[in-house]
Amino acid sequence: MRKRVLVGMLTFWLLTGLGEMSRCEDKPTAPAGWGLPEAVVPQCLGVNIHFTDPRPGEMQMLAEAGFRWIRMDLSWSGTEQRKGEYDFSAYDRLMEALQKYQIRALLILDYHNRFYDKGLSPYTEEGREAMARWAAAAVRRYQGRGVLWEMYNEPNIGFWKPKPNVQHYILLAREVGKAIRQAAPKELYIGPATSQIDMKFLEACFQGGLLEYWDAVSVHPYRQTPPETVRPEYAKLRTLINQYAPQGKQIPILSGEWGYSVAWKNFDETKQGKYLARQFLVNLLCEVSLSIWYDWHDDGPDPKEPEHHFGVVRHPYFEGRQPVYDPKPAYWAAKTLSSQLRGFRLARQIQLDSEEDYLLHFQRDGQSRWVAWTVAEQPKERKLPLPEGQYQLFGYTGHPLGTRAAGPDGLQITLTDAPHYIIPLFGDKP
């Protein structure tokens with residue numbers, strides 16, 4: 001059954017042209033000066049990876065999905081294997097592979113090194129200074145390449161050894177921040193990449209003065225509830241940032257890692273794909289200008305191991321075949337969102353009668369497109385307040401849903417828990 005579905009979807013993408021690489025005029029180009037991500041599709045979309053050497057065809061497939069960012073560990077222990085000597089050659093290869101497709105990197109400065117502090121997360125002045133020297137060396141090597149430098153990964157849980165210690169983290173983040181500012185003051189430094197939106201840990205970081213150094217605040221809003229449930233948490237975090245931010249400094253929120261595992265109870269590949277699209281859309285609605293999905297490909301074949309099933313493509317790699325991985329619905333969902341909304345910004349949310357129902361209006365150079373869905377489990381008929389005229393509708397994986405006409409009172413549509421892309425077939429109106 002899966003093979004028939006996959007062949008059918010591949011045929012659809014080839015026939016429509018959406019399965020090809022973007023036309024030359026759509027390819028992203030490196031700006032004169034790299035800045036923080038803009039909330040323009042697909043420049044605000046990324047995915048976590050776990051490699052420095054992509055397999056043949058892998059990076060092309062990732063780029064064709066519309067991902068314009070990767071997030072990857074920059075391992076201290078892996079690059080300082082002799083005390084005081086750094087070998088970044090593996091990351092040189094990764095940066096070269098990314099450059100071919102104009103994909104930017106969020107590199108995580110992590111975790112510890114056996115030469116310092118007994119191999120634990122840095123807790124002494126010597127350990128902090130050593131990690132800061134290493135970080136400064138990495139930043140100098142790749143400055144001007146559009147990297148976001150992230151301070152550690154999920155230090156509020158078990159990744160900080162032997163156990164989380166926010167004060168030790170603050171001292172380290174401050175030392176690294178000073179070193180980066182001295183080595184390459186124009187580079188972008190972010191943190192703390194907390195597991196979930198840990199307000200207590202985040203506020204301690206802000207009280208410790210880290211917003212003086214950070215250009216953005218990164219969080220990992222994992223949950224097994226629908227993506228829309230994140231909205232009040234983002235609002236609280238925004239208030240907290242505004243409370244502690246240096247005067248006049250705008251500090252955005254970034255979603256650096258967030259996904260849904262197919263192995264979780266009551267989840268499957270279809271639901272994962274729907275949630276990917278909704279997650280990216282809700283992040284835009286909450287003015288979160290970078291959304292990085294976890295994960296690129298499934299990490300293993302165990303059907304009962306949640307860590308094996310966050311990917312947008314399945315685990316087996318097929319050398320010499322196109323595509324080199326079997327796409328899951330989440331892959332098609334990412335590709336559809338990036339294709340249908342390429343170059344568009346979110347203009348506004350159009351309020352409907354029910355808070356369960358969403359209608360987002362996107363604009364680009366005077367053109368309009370809309371995306372609609374409901375968080376309700378059952379489909380519902382709704383009249384959307386759109387301009388009179390003909391519309392083409394597409395489902396969340398790119399399958400066409402036909403054309404419909406909107407009358408003077410709007411467009412009649414069946415809302416489902418999967419986003420529908422609504423494309424006008426007439427001269428766009430403001």
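This note goes through a predicted model point by point, from a sheet to single residues and ring pairs.

1. The sheet. Six strands make up an open sheet, and their order across it is β9-β10-β11-β16-β13-β14. The pairing is antiparallel. At the edges stand β9, residues 345-349, and β14, residues 400-406, each of which pairs on one side only. From one strand to the next the twist averages 30 degrees. When you trace the sheet in the viewer, note that the order of the strands across it, with β16 between β11 and β13, is not the order of their numbers.

2. Strand β13 and its two partners. Strand β13 covers residues 389-394 and pairs with β14 over five bridges, in the antiparallel sense. Across from Gln390 stands Ala405 of β14. The hairpin of β13 and β14 has five residues between the strands. In this hairpin Gly398 takes a positive phi, near 95 degrees. On its other pairing, β13 is joined to β16 by four bridges, again antiparallel. Here Phe394 stands opposite Tyr421 in β16. Five of the six residues of β13 are buried, so the strand is mostly covered.

3. A helix across the sheet. What lies across β11, β13 and β16? Helix α10, residues 329-340, does. The strands concerned include β11 at 367-374 and β16 at 420-424. The helix runs at about 25 degrees to β16.

4. Gln349 in an edge strand. Gln349 belongs to strand β9, which is one of the edge strands of the sheet. Is Gln349 buried or exposed? Its relative accessible area is 19%, and buried means under 20%, so Gln349 counts as buried. Gln349 and His361 are 12 residues apart in sequence, while their C-alpha atoms are 6.1 Å apart in space. With neighbours within four places in sequence set aside, the contacts of Gln349 are Arg231, Leu285, Asp357, Tyr358, Leu359 and Leu360.

5. Arg71, a charged residue inside. Arg71 lies in strand β2, residues 69-75. Its relative accessible area is 1%, so it counts as buried. Which side chains make polar contacts with that of Arg71? One is Asn153, at 2.8 Å, and another is His220, at 3.4 Å. Beyond the neighbours within four places in sequence, Arg71 is in contact with residues from many parts of the chain, among them Val47, Leu106, Glu150, Ala193, Gly256, Glu257 and Ile292.

6. Helix α7. This helix spans residues 199-207, and its buried residues are Phe201, Leu202, Ala204, Cys205 and Phe206. An α-helix has 3.6 residues a turn, so residues three or four places apart point the same way. The buried residues of α7 pack against α6 (166-183), β5 (188-195), β6 and α8. After α7 comes Gly209, with a positive phi near 85 degrees.

7. An edge-to-face pair. The structure holds 29 aromatic pairs. In one of them, Tyr222 and Phe310 meet edge-to-face, with 6.1 Å from centre to centre and 75 degrees between the planes. Why does this pair tie together parts that are 88 residues apart in sequence? Tyr222 sits in the loop between β6 (216-220) and α8 (231-244), and Phe310 in the loop between β8 (291-293) and α10, so the pair links the two loops. Both rings belong to buried residues: the relative accessible area is 14% for Tyr222 and 4% for Phe310.

8. A stacked pair, and the cluster. Tyr260 and Phe267 form a stacked pair, 5.7 Å from centre to centre with 25 degrees between the planes. Both of these residues are buried. A pair of aromatic rings is described by the distance of the centres and the angle of the planes. Ring pairs join Tyr260 and Phe267 into a cluster with Tyr222, Trp258, Trp264, Tyr275, Trp293, Tyr294 and Phe310.

9. Charges over rings. Phe267 has a further partner: Lys271 lies over the face of its ring, 4.3 Å from the ring centre. Elsewhere, the charged end of Arg321 sits over the ring of Phe318, at 4.1 Å from its centre.

Definitions and conventions. Residues numbered from 1 in each chain as written. Predicted model: local features only at pLDDT ≥ 70, side-chain atom pairs only at ≥ 80, totals over all residues. Heavy atoms only, no water. Pairing = 2+ DSSP bridges. Axes fitted to C-alpha atoms, helices over the stretch in contact; angles between N-to-C directions. Contact = heavy atoms within 4.5 Å. Buried < 20%, exposed > 50% of the residue type's maximum accessible area, 1.4 Å probe, protein only. Polar contact = N/O pair within 3.5 Å; in protein donor to acceptor, adjacent residues only side chain to side chain. Phe/Tyr/Trp six-rings, centres within 6.5 Å; stacked < 30°, edge-to-face > 60°. Lys NZ or Arg CZ within 6 Å of the ring centre and 35° of its normal.
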